[in-house]
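Student: I am new to this structure and would be grateful for a close look at one part of it, the place where the two chains meet. Please then relate that part to what lies around it.

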Number of protein chains: 2
Amino acid sequence: MATTKKARTHPPYELLYWPEIPGRGEFIRLVFEAARVSYKDPANEPDGPGAQVVVSLTSGADDKPPVFAPPALKVPGEGKDGAPLLLYQTPTILSYLGDKLGLAGQDEVDKTTVLSHALTALDLNNETHDTHHPIAVSKYYEDQKDEALKKATEFRENRIPKFFSFFERVLKANEAQGQGKFLVGSKLTYADTTLWQVLSGLKFAYPNELKAREKDYPLLFGSFYENVAETNGIKEYLASERRLPFSMGVFRHYPELDRS
Amino acid sequence: MATTKKARTHPPYELLYWPEIPGRGEFIRLVFEAARVSYKDPANEPDGPGAQVVVSLTSGADDKPPVFAPPALKVPGEGKDGAPLLLYQTPTILSYLGDKLGLAGQDEVDKTTVLSHALTALDLNNETHDTHHPIAVSKYYEDQKDEALKKATEFRENRIPKFFSFFERVLKANEAQGQGKFLVGSKLTYADTTLWQVLSGLKFAYPNELKAREKDYPLLFGSFYENVAETNGIKEYLASERRLPFSMGVFRHYPELDRS
């Protein structure tokens, strides 16, 4: 993205993730875009290292441990003795960046709530992934399709309403401050962008299910969803070529798993 | 537990969780016990409210949202305007308590690493749970046993070695400071107690698998595991009646799921 005046006061953040899919990297991208702070995303650069970014990350080096799984965030100069800081685990990266970029909540109490709601949205993200890979991440969808059909039915019938009704109640309880637009307080946080990304992915993966349910959650789909998409920074990002389309990552559209 | 001089300087922490199983509540208990700070655990008090603790928590009240799932931590006086602070999501509670009780790491860099390693250990915890409930948490194990057999095989053959070899390398890379006893730095953190609890649960749930694999991870099972169990506070706790036995919670021993 274009380097803004504000961006120049930040270290040259580098997101290390798989190329071509939004995946868990997208939660990190949305924070940068909402804050309008520049970042590198080398795996998605033309003629860049592509998937090699992740291979290097998860194999580590003799003197340092590998990262368990992507995404990771490299922050030059912010580690021990001026070394690069290498963060992994999406919630850790979100919490760190949220603090630095003003998207973590207004005070200590709000910060804990923002982290908890983001973790809950990420749990929904992970459960969505497991609907198409209920048995083994190392095997193809086609090899676990029978189990996926069962898992997706349970997910649609029981888990989606449990998560949606929880977040609807969170928005309702914060309505005086958040006007149905923010989960915590009266400003955008990374809990909002994280939940938004999961809802966006669910609309792609389970379009029939979502269409049938949206009306039951008037704050979530009436005010919250649209408001995040219209936020300065996010809006421009979503209209740009940087926004990667959903395809065969965490969120996949298999019509047979959706409501018929 | 006996109230110590140190404990009296802390607010009267209250852990809100299911009775009778260690579950995710145990990660929180271990932090209190390692810090030798007193806490209430009302669901496990004789003649206490039992499971009603969780029912109240997840139904919420009109003016406040419910907690998505237990465990939660109530900290009287630490919320907004002197109200009780109510935290949910295990990683949020661990990070908060770790900070307050000196078990979060020595500096900002270590704190992010401790959180990330704890999240990774909790991922292993969740994957273990899914081996006996791969399709639906709302159904009995017996109704998803065929799928559980497949999931457990994948878990034992691919996931366990992936997690164990990661943590072995973390211990190795920190050996100069941690002597194989600590994941980060030279002192116990909540990443250590969290990983320890998961390993302890795996020894219960998959005894044959663990016995066959332990020798491949000399730091993890040679120095780390025993050291955490021998830590002041933890050692007394494990010998006490407060330590709840594994039974039918996250970690369950179904011989048919274990290595034969």
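Tutor: The answer begins with the interface of the two chains and then turns to salt bridges, a helix and two loop positions.

It should be said at the outset that this is a predicted model. At the interface, 48 residues of chain B are in contact with 48 residues of chain A. Together the two chains bury about 4000 Å² between them, and carbon and sulfur atoms account for 58% of that area. Three residues deserve notice on the side of chain B: Phe68(B), Ile135(B) and Arg169(B) supply 17% of the area that chain B buries against chain A, more than any other three residues.

The interface also has charged and polar pairs. There are 6 salt bridges between chain B and chain A. In one of them, Asp110(A) is paired with Lys80(B), and the closest N and O atoms are 3.0 Å apart. Counted as polar contacts, 24 residue pairs are found across the interface of chain B and chain A, with both residues at pLDDT 80 or more.

Which elements of chain B give two or more residues to the side that touches chain A? They are the strand β3 (85-88) and the helices α3 (90-101), α4 (108-132) and α5 (145-173) of chain B. The largest share, 12 residues, comes from α5(B). Sorted by class, the side of chain B that touches chain A has 21 nonpolar, 11 polar and 16 charged residues.

Helix α5 of chain B appears again in salt bridges within that chain. Arg159(B) and Glu127(B) meet through their side chains in a salt bridge, at 2.8 Å from N to O. This pair links distant parts of the chain, for Arg159(B) is in helix α5 and Glu127(B) is in helix α4 of chain B, 32 residues apart. Is each partner buried or partly exposed? Arg159(B) counts as buried because its relative accessibility is 15%, whereas Glu127(B), at 22%, counts as partly exposed.

A second pair that involves α5(B) is formed by Glu256(B) and Lys145(B), whose side chains meet in a salt bridge at 3.8 Å from N to O. Glu256(B) lies in the segment after α10 of chain B and Lys145(B) in helix α5, so the pair ties together parts that are 111 residues apart in sequence. Glu256(B) is partly exposed, with a relative accessible area of 34%, and Lys145(B) also counts as partly exposed, at 34% relative accessibility.

The segment after α10 (234-238) of chain B also holds Arg242(B). The side chain of Arg242(B) meets that of Glu33(B) in a salt bridge, 2.8 Å from N to O. Glu33(B) is in helix α1 (residues 25-35) of chain B, and the two partners are 209 residues apart. Arg242(B) counts as partly exposed because its relative accessibility is 33%; Glu33(B) counts as buried, at 1%. Over all chains, the count of salt bridges comes to 33.

Chain B offers one loop position to examine as well. Gly105(B) is in the loop between α3 and α4 of chain B. Leaving out residues up to four places away in sequence, Gly105(B) touches Asp110(B), Lys111(B), Val114(B) and Thr189(B). The C-alpha atoms of Gly105(B) and Glu168(B) are separated by 19 Å, and these residues are 63 residues apart along the chain.

In chain A, helix α2 (residues 52-59) has Val53(A), Val54(A) and Leu57(A) as its buried residues. They lie on the same side of α2(A) because they cover an arc of only 90° around the axis. These buried residues pack against β1 (14-16), β2 (72-75) and β3 (85-88) of chain A. After α2(A) comes Gly60(A), whose phi is positive, near 65°.

The last position is Leu188(A), in the loop between α6 (175-178) and α7 (190-205) of chain A. Leu188(A) is buried, with a relative accessible area of 10%. Apart from neighbours within four places in sequence, the contacts of Leu188(A) are Ala34(A), Leu103(A), Phe182(A), Thr193(A), Val228(A) and Thr231(A). Between Leu188(A) and Gly102(A), which are 86 residues apart along the chain, the C-alpha atoms are separated by 9.1 Å.

Technical notes: Residues numbered from 1 in each chain as written. Chains lettered and ligands numbered in written order. Predicted model: local features only at pLDDT ≥ 70, side-chain atom pairs only at ≥ 80, totals over all residues. Heavy atoms only, no water. Contact = heavy atoms within 4.5 Å. Buried area = accessible area lost by both parts, 1.4 Å probe. Salt bridge = Lys/Arg side-chain N within 4 Å of Asp/Glu carboxyl O. Polar contact = N/O pair within 3.5 Å; in protein donor to acceptor, adjacent residues only side chain to side chain. Helix = DSSP H or I, 4+ residues; strand = E, 2+ residues; numbered from the N terminus. Nonpolar A, V, L, I, M, F, W, Y, C, P; charged D, E, K, R; others polar. Buried < 20%, exposed > 50% of the residue type's maximum accessible area, 1.4 Å probe, protein only. Arc of directions from axis to C-beta.
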